[in-house]
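The following note is addressed to a colleague who is meeting this structure for the first time. Please read the numbered points with the sequence and the model at hand.

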Amino acid sequence: MPDDSLAATFEARLDKLAALAVRVGLNLRPGQELVMTAPVEALPLVRRIATHAYQAGATLVTPLIGDDEVALARYRHAAPEAFDTAPGWLFQGMAEAFRGGAARLAVVGESPTLLAQQDPEKVARANRARSIAYRPALELITSFAINWNLVPAATPGWAKEVFPGLPEAEAVARLWDAIFAACRVDVADPVAEWAAHNARLHARTTYLNDKDFLELRYRGPGTDLVIGLADGHLWAGGAEPAKNGIVCNPNIPTEEVFTTPHRLRVDGTVRSTKPLAYQGTLIEDIRVTFAEGRIVEANAAKGAEVLRKVLETDEGAARLGEVALVPHSSPISASGLLFRNTLFDENAASHIALGQAYTTCLRDSAGVPMERLAERGANASLIHIDWMIGSGALDIDGVTKDGAVEPLMRGGEFVGV
Ligand code: ZN
Ligand code: ZN
């Protein structure tokens, strides 16, 4: 970009995003370590995040840099028996760092179709091995033991998927524009903007927690679904206190309020409204049927084989671990773009997630063993995969414990909150 003023503008916006990740996303405290993962193309953002982290009092920032070409090289050249290997030593080390007080930041920008041409069997085995190895660290994240944050970065591989047909540099620039808009960076004071945004999300969680609905009923094109909510479920959204006491925003951007469904009380049919980008494969037009909480029939127009392999990961993989509500008018939905990245697309639409439940979305869950939480409806699995079922044509009712049916969303928008 030869124009200095434009370059300065981009640099200023990138710096605002980095500051937002550290100050709002992580709310990094003096004396904390920071463990950060990022794609190699995101280094300019990573360096700015490191600067803001040290200015906030970080003792040590440890970046772990990934590369799509290195990931592909494995599929092209590694021996067939290599795909059950995962770096358990790395994830155990991460878990140790988290237990010692470190915060976790992931810069996301992977190409959504990176592994689409690879053998689904190898992809599934590699994913499974990674899920098992990652578990000690992931549990500390999903149980919200530590402050953590996901923040996006535009990479050529991702940008080409969002803006096919545009020259690479232009696609990357357009994706950065979309990222800055979705992350509410393009305002004078993004930190103040996020305080107001968090207040709106908390008004919704307060309303839903006061209602304490027994179940939600969904109706839309291809969807006729009842989702029972876990006993003592708790709605969350926006900034929340982690168990280490630090109030953080795990996702930037975020538009959702979410809770724990009952793993045995989901019945009916549901159709996805956006493609699901899963570990390098796009799964499109998912249609599934639930009976007593379990998916008994699964179809997809594209990627059905990968979807079915995912559902076979373990007993909990075919059951729900999350239900989330997002207004159809969210800025990400309004952009009209399909980002092909869950961090964005899940915030464009109401969604559900297969697999592991966030046990923090249950009242009085601290220190309670998973078997007891399972009795209340919390699902356990190696996976947690969000997929989008919301649209401007979705209606949702809440059913109270005394059987009253109340409108909750109409045409994809909240009613009364
Ligand atoms: Zn979600
Ligand atoms: Zn989720």
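1. Strand E10 (residues 261-271) and strand E12 (residues 281-291) run antiparallel and are joined by 4 bridges. Within this pairing, Gly268 has Phe290 of E12 as its bridge partner. Helices (H or I, at least four residues) and strands (E, at least two) are DSSP runs numbered from the N terminus, and two strands pair if DSSP finds at least two bridges between them.

2. Some conventions apply throughout. This is a predicted model, in which local features need pLDDT of at least 70 and side-chain atom pairs count only at pLDDT 80 or more, while totals for chains, interfaces and linings use all residues. Residues are numbered from 1 along each chain as its sequence is written, chains are lettered from A and ligands numbered from 1 in the order in which they are written, and side-chain values use heavy atoms, with hydrogens and water left out.

3. Strand E12 has further partners. Strand E11 (residues 276-278) is joined to E12 by 3 bridges in the antiparallel sense, and Leu276 stands opposite Ile283 there. Strand E13 (residues 294-302) also runs antiparallel to E12, with 7 bridges between the two; Phe290 faces Ile295 of E13 in this pairing. E12 and E13 form a hairpin with 2 residues between them, and Glu292 in the turn has a positive phi of about 50 degrees.

4. An open sheet of 4 strands follows the order E9-E14-E15-E16, with antiparallel pairing. Its edge strands, each pairing on one side only, are E9 (257-259) and E16 (384-388). On average, neighbouring strands of this sheet are turned by 20 degrees against each other, direction ignored; the axes behind this value are lines fitted to C-alpha atoms, for helices over the stretch in contact, and angles run from 0 to 180 degrees between N-to-C directions.

5. Strand E15 (residues 351-355) is joined to E16 by 5 bridges. In this pairing Ile352 has Trp387 as its bridge partner, and Gly355 stands opposite His384. Strand E14 (residues 320-325) pairs with E15 over 4 bridges, with Ala324 partnered by His351. All 5 of the 5 residues of E15 are buried, so the strand is largely enclosed by the rest of the structure. Buried means under 20% relative accessible area, exposed over 50%, and partly exposed in between (1.4 Å probe, protein chains only).

6. Which residues supply the protein donors of the zinc ion (ligand 2)? They are Glu322 (OE), His384 (NE2) and Asp386 (OD, listed twice), at 2.0 to 2.6 Å from the ion. Donors are N, O and S atoms within 2.8 Å of the metal (3.2 Å for Na, K and Ca); water is not among the atoms, so sites may look incomplete. The donor residues are spaced E-x61-H-x1-D in sequence. Glu322 also bridges this ion and the zinc ion (ligand 1), the two lying 3.3 Å apart. His384 is partly exposed at 24% relative accessibility, whereas Asp386 is buried at 9%.

7. The number of disulfides, defined as pairs of cysteine sulfur atoms within 2.5 Å, comes to 0. The sulfur of Cys183 is 16 Å from the closest cysteine sulfur, in Cys248, which is too far for a bond. Cys248 is likewise in no disulfide, as its nearest cysteine sulfur, that of Cys361, is 13 Å away. Cys183 is buried, with a relative accessible area of 0%, and Cys248 counts as buried at 0% relative accessibility.
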